[in-house]
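Please open the model in your viewer and keep the sequence panel beside it. The tour below moves from one selection to the next and says what is to be found at each stop.

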Amino acid sequence: MRLGDLEKQVLQYLWNADSADAKQVHAQLSKARGGSLNTIQSTLDRLFKKGLLTREKQGHAFQYRPAVERYAFVGQLIQDVTREFVDDDNGLVAAFTSISSDLSESQLAQLEQLIEAQKAKRQQGGDA
């Protein structure tokens, strides 16, 4: 899934704010980038149609919330990019190994803990 710069900024804002209407998003984002309320409304609608936001009518306006968690979304982006460029089953691991050389020792240790936790969860659930 490809996102424009404004779509990314709106998602970032909503992940931090949890929910907002178009006027709230516009008030926050227009400080740094300008732009009209109509542009924000269109962007929110596009993100809703892409399944990245949920919305609920409150009064005359929609209240928007993220439909996906930040890290689940980033993980999906990584998988999508990997599928586009790698043909074999080991592609994701190879790509991840390549970028892991830029991680700090503490990031590598945290990654190792997350991998071990995922393995334990799979063993408890009977997944292989």
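A residue counts as buried here when its relative accessible area is under 20%, as exposed when that area is over 50%, and as partly exposed in between. The model on your screen is a predicted one, and the tour begins inside it.

**Stop 1: Thr 43**

Select Thr 43, which lies in helix H3. Because its relative accessibility is 1%, Thr 43 counts as buried. Now show what surrounds this residue: leaving aside the neighbours within four places in sequence, Thr 43 is in contact with Leu 6, Glu 7 and Val 10.

**Stop 2: helix H1 against helix H3**

Next, show H1 and H3 together. Two packed helices are described by the angle between their axes and the distance between the axes. For H1 and H3 the angle is about 80 degrees, and the axes are 10 Å apart. H1 is therefore roughly perpendicular to H3.

To see the contact itself, select Leu 6, Glu 7, Val 10, Leu 11 and Leu 14 on the H1 side, and Thr 39, Ile 40, Thr 43, Leu 44, Arg 46 and Leu 47 on the H3 side. Colouring these residues by type should give seven nonpolar, two polar and two charged residues in the contact of H1 with H3.

**Stop 3: the nonpolar core**

Which residues have the most contacts inside the largest nonpolar core? They are Val 10, Leu 11, Leu 14, Val 25 and Leu 44, in a core that has 18 residues. The elements that give two or more residues to this core are H1, H2 and H3, and the largest share, six residues, comes from H1.

Keep Val 10 selected and display its surroundings. Leaving aside neighbours within four places in sequence, Val 10 is in contact with Val 25, Leu 29, Thr 43, Leu 44 and Leu 47, and Thr 43 is the residue with which the tour began.

**Stop 4: the salt bridges**

Turn now to the charged side chains, among which the count comes to six salt bridges. Three of these pairs can be visited in turn.

Select Glu 7 and Lys 50, whose side chains meet in a salt bridge with a nitrogen-to-oxygen distance of 3.0 Å. Glu 7 lies in helix H1 (residues 5-17) and Lys 50 in the loop between helix H3 (37-49) and strand E1 (53-58), so this pair ties together parts that are 43 residues apart in sequence. Are these two partners buried or exposed? Glu 7 counts as buried, at 5% relative accessibility, whereas Lys 50 is partly exposed, with a relative accessible area of 32%.

Move on to Arg 65 and Asp 18, which form a salt bridge in which the closest N and O atoms are 2.7 Å apart. Since Arg 65 lies in strand E2 (residues 61-66) and Asp 18 in the loop between H1 and helix H2 (22-33), the pair ties together parts that are 47 residues apart in sequence. Both ends can be viewed from outside the core: Arg 65 is partly exposed, with a relative accessible area of 38%, and Asp 18 counts as partly exposed at 43% relative accessibility.The next pair is Asp 45 and Arg 55, whose side chains meet in a salt bridge at 2.9 Å, N to O. This pair links distant parts of the chain, with Asp 45 in helix H3 and Arg 55 in strand E1, 10 residues apart. Arg 55 is partly exposed, its relative accessible area being 27%. Before leaving this stop, select Glu 7, Arg 46 and Lys 50, which are joined into one network by salt bridges that share partners.

**Stop 5: Thr 54 in strand E1**

Select Thr 54, which is found in strand E1 and counts as partly exposed, at 37% relative accessibility. Then add Tyr 64: the two residues are 10 residues apart along the chain, and their C-alpha atoms are separated by 5.7 Å. Leaving aside neighbours within four places in sequence, Thr 54 is in contact with Phe 48, Gln 63, Tyr 64, Arg 65 and Ala 67.

**Stop 6: Gln 24 in helix H2**

Finish with Gln 24, which is found in helix H2 and, at 38% relative accessibility, counts as partly exposed. With neighbours within four places in sequence left aside, Gln 24 is in contact with Tyr 13 and Gln 63. If you draw a distance between the C-alpha atoms of Gln 24 and Gln 63, which are 39 residues apart along the chain, the separation is 9.7 Å.

Methods. Residues are numbered from 1 along each chain as its sequence is written. This is a predicted model: local features need pLDDT of at least 70, side-chain atom pairs count only at pLDDT 80 or more; totals for chains, interfaces and linings use all residues. Side-chain values use heavy atoms; hydrogens and water are left out. A salt bridge is a side-chain nitrogen of Lys or Arg within 4 Å of a carboxyl oxygen of Asp or Glu. Helices (H or I, at least four residues) and strands (E, at least two) are DSSP runs, numbered from the N terminus. Buried means under 20% relative accessible area, exposed over 50%, partly exposed in between (1.4 Å probe, protein chains only). Contact means heavy atoms within 4.5 Å. A nonpolar core is a set of buried Ala, Val, Leu, Ile, Met, Phe, Trp, Tyr and Cys residues joined through side-chain atoms within 4.5 Å. Axes are lines fitted to C-alpha atoms, for helices over the stretch in contact, and angles run from 0 to 180 degrees between N-to-C directions. Angles under 35 degrees count as roughly parallel, over 145 as roughly antiparallel, 65 to 115 as roughly perpendicular and the rest as oblique. Ala, Val, Leu, Ile, Met, Phe, Trp, Tyr, Cys and Pro count as nonpolar, Asp, Glu, Lys and Arg as charged, and the others, Gly among them, as polar.
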